[in-house]
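Trainee: I have a new model open and I'm not sure where to begin. Could you walk me through how to read it?

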Amino acid sequence: MLLLSGIWINAVLDILICLCLLFGTFFIVSTALGVLRFPDVYTRLHAATKSSTLGITGILIGAFLFMYVEHGIVSGKLLLGILFILLTAPVTGHVLGRSAYYSRVPLSDKSVEDEYKSNLEKVKEH
Amino acid sequence: MGDILNLTQSLIDISVIIAIIGVSISLLLLLYRTVKGPTNSDRAVALDTIGVNIMALAGLIAIHLVTTKVNDVILLIGILLFIGNVGLAKFLEKGVIIERDMD
């Protein structure tokens, strides 16, 4: 209202904010369903890191656009939060999966192959 | 012309309410996995996702209350979540968090 003069532009941006929020909510709910339904720690980790990153990116971009369009506030903390999540979520997933493997959490019955185990044996031989 | 702006404003309000309800439902599902989870690593994964969902909830509350004072909370939860998860993973793997190789 303050920065963009046209009413139509404002209405379209409002609808864009709604779409961002609903997109993020969809991916966060699908994260919860994946963590609840997958059979294994490693597949749960796959669901937990990737889609939750996408979901929180959608919601925080929606919040940033809302602050900018409706009130003219540029809130850099929201963009910094997106950057931080994008940096730390893969690291967290890797560290948690590695600790789960070394504390001997078994794979599920449906999993076909354990490549990491054969690689470790190959490293031990040399 | 003002009618359209009122319509889109109420659309934003409705979608924020829908998003808060969805994030709350996913928090309940993750809480079930945290309590039940067969091993401790499952609980660690579910706690990580609970932290990310709380960050999303703080962003949605910042929209709902129209304030920017909640935005610090998002960064703070993110940093504490990362450090806590790395410490928890080291504890699950080795049984200690800070190792001393000196002696």
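**Where the two chains meet**

Mentor: Sure, let's start with the interface. About 4500 Å² is buried between chain B and chain A, and carbon and sulfur atoms give 79% of that area. Keep in mind that this is a predicted model.

Trainee: How many residues does each chain bring to the contact?

Mentor: Chain A puts in 51 residues and chain B puts in 49.

Trainee: OK, now the helices. How do I describe two of them packed together?

Mentor: You give the angle between the two axes and the distance between them. Try it on helix α3 of chain A (residues 76–102) and helix α2 of chain B (residues 40–64): their axes come within 10 Å and cross at roughly 170 degrees.

Trainee: Are α3(A) and α2(B) roughly parallel or roughly antiparallel?

Mentor: An angle over 145 degrees counts as roughly antiparallel, so α3(A) runs roughly antiparallel to α2(B). Their crossing is right-handed.

Trainee: Which residues make the contact between α3(A) and α2(B)?

Mentor: From α3(A) you have I85(A), T92(A), L96(A) and A100(A). From α2(B) come S41(B), A44(B), V45(B), D48(B), V52(B) and M55(B). Sorted by class, that contact has 7 nonpolar, 2 polar and 1 charged residues.

Trainee: What about α2(B) and a helix of its own chain, α3(B): how do their axes cross?

Mentor: Use the same reading. The axes of α2(B) and helix α3 of chain B (residues 71–94) come within 9 Å and cross at roughly 175 degrees. α2(B) and α3(B) are therefore roughly antiparallel to each other.

Trainee: And which residues meet there?

Mentor: On the α2(B) side, look for L47(B), G51(B) and I54(B), among others. They are part of a contact whose α3(B) side includes I74(B), L81(B) and L88(B). By class, the contact of α2(B) with α3(B) has 12 nonpolar, 7 polar and 1 charged residues.

Trainee: Last topic: charges. How many salt bridges are there between chain B and chain A?

Mentor: The count between those chains is 3, and the structure holds 3 over all chains. In one of them, the side chains of R44(A) and D42(B) meet at 2.4 Å, N to O. That pair crosses between chains, from D42(B) in helix α2 of chain B to R44(A) in helix α2 of chain A (residues 41–71).

Trainee: What partner does K77(A) have?

Mentor: K77(A) forms a salt bridge with D72(B), and their closest N and O atoms are 2.9 Å apart.

How values were computed
Residues are numbered from 1 along each chain as its sequence is written. Chains are lettered from A and ligands numbered from 1 in the order in which they are written. This is a predicted model: local features need pLDDT of at least 70, side-chain atom pairs count only at pLDDT 80 or more; totals for chains, interfaces and linings use all residues. Side-chain values use heavy atoms; hydrogens and water are left out. Axes are lines fitted to C-alpha atoms, for helices over the stretch in contact, and angles run from 0 to 180 degrees between N-to-C directions. Helices (H or I, at least four residues) and strands (E, at least two) are DSSP runs, numbered from the N terminus. Angles under 35 degrees count as roughly parallel, over 145 as roughly antiparallel, 65 to 115 as roughly perpendicular and the rest as oblique. A crossing is left-handed if the near helix is turned anticlockwise from the far one by less than a right angle, and right-handed if clockwise. Contact means heavy atoms within 4.5 Å. Ala, Val, Leu, Ile, Met, Phe, Trp, Tyr, Cys and Pro count as nonpolar, Asp, Glu, Lys and Arg as charged, and the others, Gly among them, as polar. Buried area is the accessible area (1.4 Å probe) that two parts lose on being put together, summed over both. A salt bridge is a side-chain nitrogen of Lys or Arg within 4 Å of a carboxyl oxygen of Asp or Glu.
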